[in-house]
Amino acid sequence: MKIIYDFTTSNDGNLAFHVGDDEKNVIRNRQNLALKMGYDYNKLIYMNQTHGNNIQIVDKNSFNLMENCDGIITNCKNLPLMVMVADCIPILMFDEKKGVIAAVHAGRNSTFLKIVQITIQKMIDEFDCKVVDIKVVLGASIQKCCYEVSSELAFIVENSFGKEFVNGRNIDLQGINKKLLIEMGITNIEISSICTKCSNKPYFSYRKDKNTGRFAGIIFIDS
């Protein structure tokens, strides 16, 4: 058993159906990605992400599109999971010992609703995962250099999580998620330092251009 994961870039094309792109383009981009990573395109499970903290366990009988969902977990082999973003944090989690994987969408609201903690707890409760064995990878996303919010929201973040995550009206979503993961006992955390808005790297950014595509985090258990 081997766990394979990757984060796409805008060079892989838009992977979302809901952003006004031609459906044929999206299907072609998704098929090319499946070939590139080595999984079955028809088995891909993705989410209608709603900026909540609903986590679903999926298996080979699940729908390809999971409604009202911001996190998916499976222990099924060859069942690829995808999270789509354009500034929000794509988070991939896995436990190689138990053979359990998760894909999580952590935007502002989901982060405040502690989605990473809920996901970790579900991995523990449903699959008997141990925190010492869980690795968490945060992909490219909007960083504290560019993530400006209202002064009211910045005040809420300071009160809820700590003033170290606020600089003026800029907030540190990556730092908040790291703090939440550490509180759960997770120590194996990898965080991309690439800012989707200002890095000039090939990533879609909603803050830079509201009419934009979505890149993705993909993970699967290869048998």
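This is a short tour of selected strands, helices and loop residues in a predicted model.

Residues are numbered from 1 along each chain as its sequence is written, and side-chain values use heavy atoms, with hydrogens and water left out. As the model is a predicted one, local features need pLDDT of at least 70 and side-chain atom pairs count only at pLDDT 80 or more, while totals for chains, interfaces and linings use all residues.

**Stop 1: strand 8**

Select residues 100-106, which form strand 8. Helices (H or I, at least four residues) and strands (E, at least two) are DSSP runs, numbered from the N terminus. Is strand 8 mostly covered or not? Seven of its seven residues are buried, where buried means under 20% relative accessible area, exposed over 50%, and partly exposed in between (1.4 Å probe, protein chains only).

In a regular strand the side chains alternate between the two faces of the sheet. Colour Val100, Ala102, Val104 and Ala106, which are on one side of strand 8. Then colour Ile101, Ala103 and His105, which are on the other. Both faces are covered.

**Stop 2: the partners of strand 8**

Add residues 89-95, which are strand 7. Two strands pair if DSSP finds at least two bridges between them. Strand 7 and strand 8 run antiparallel and are joined by seven bridges; to see where they line up, look at Met93, which stands opposite Ala102. The two strands form a hairpin with four residues between them. In the turn, click on Gly99, which has a positive phi of about 70°.

Now add residues 71-74, which are strand 5. Strand 5 also runs antiparallel to strand 8, with four bridges between them. Gly71 is the residue to find here, as Val104 of strand 8 stands opposite Gly71.

**Stop 3: an open sheet**

Next, show strands 1, 13 and 6, in that order, which form an open sheet of three strands with antiparallel pairing. The edge strands are strand 1 (2-7) and strand 6 (81-85), each pairing on one side only. From one strand to the next the twist averages 10°; here axes are lines fitted to C-alpha atoms, for helices over the stretch in contact, and angles run from 0 to 180 degrees between N-to-C directions.

Strand 13 covers residues 215-222 and is joined to strand 6 by five bridges. Pick Val83 and its bridge partner in strand 13, Gly217.

**Stop 4: two helices**

Select helix 3 (residues 115-127) and helix 5 (residues 173-183). Their axes are 8 Å apart and meet at an angle of about 30°. That makes the two helices roughly parallel, a term for angles under 35 degrees, with over 145 counted as roughly antiparallel, 65 to 115 as roughly perpendicular and the rest as oblique.

To see the contact (heavy atoms within 4.5 Å), show Val116, Gln117 and Ile120 in helix 3 with Asn177, Leu180, Leu181 and Glu183 in helix 5.

**Stop 5: the loop between strand 12 and strand 13**

Finish with two residues in the loop between strand 12 (188-191) and strand 13: Lys208 and Thr212. Which of them is buried and which is partly exposed? Thr212 is buried, with a relative accessible area of 11%, whereas Lys208 is partly exposed at 46%.

Leaving aside residues up to four places away in sequence, Thr212 touches Val19, Ala86, Phe204, Ser205 and Tyr206. Lys208, leaving aside neighbours within four places, is in contact with Thr196 and Lys197. For a last distance, pick Val136: Lys208 and Val136 are 72 residues apart in sequence and 27 Å apart in space, C-alpha to C-alpha.
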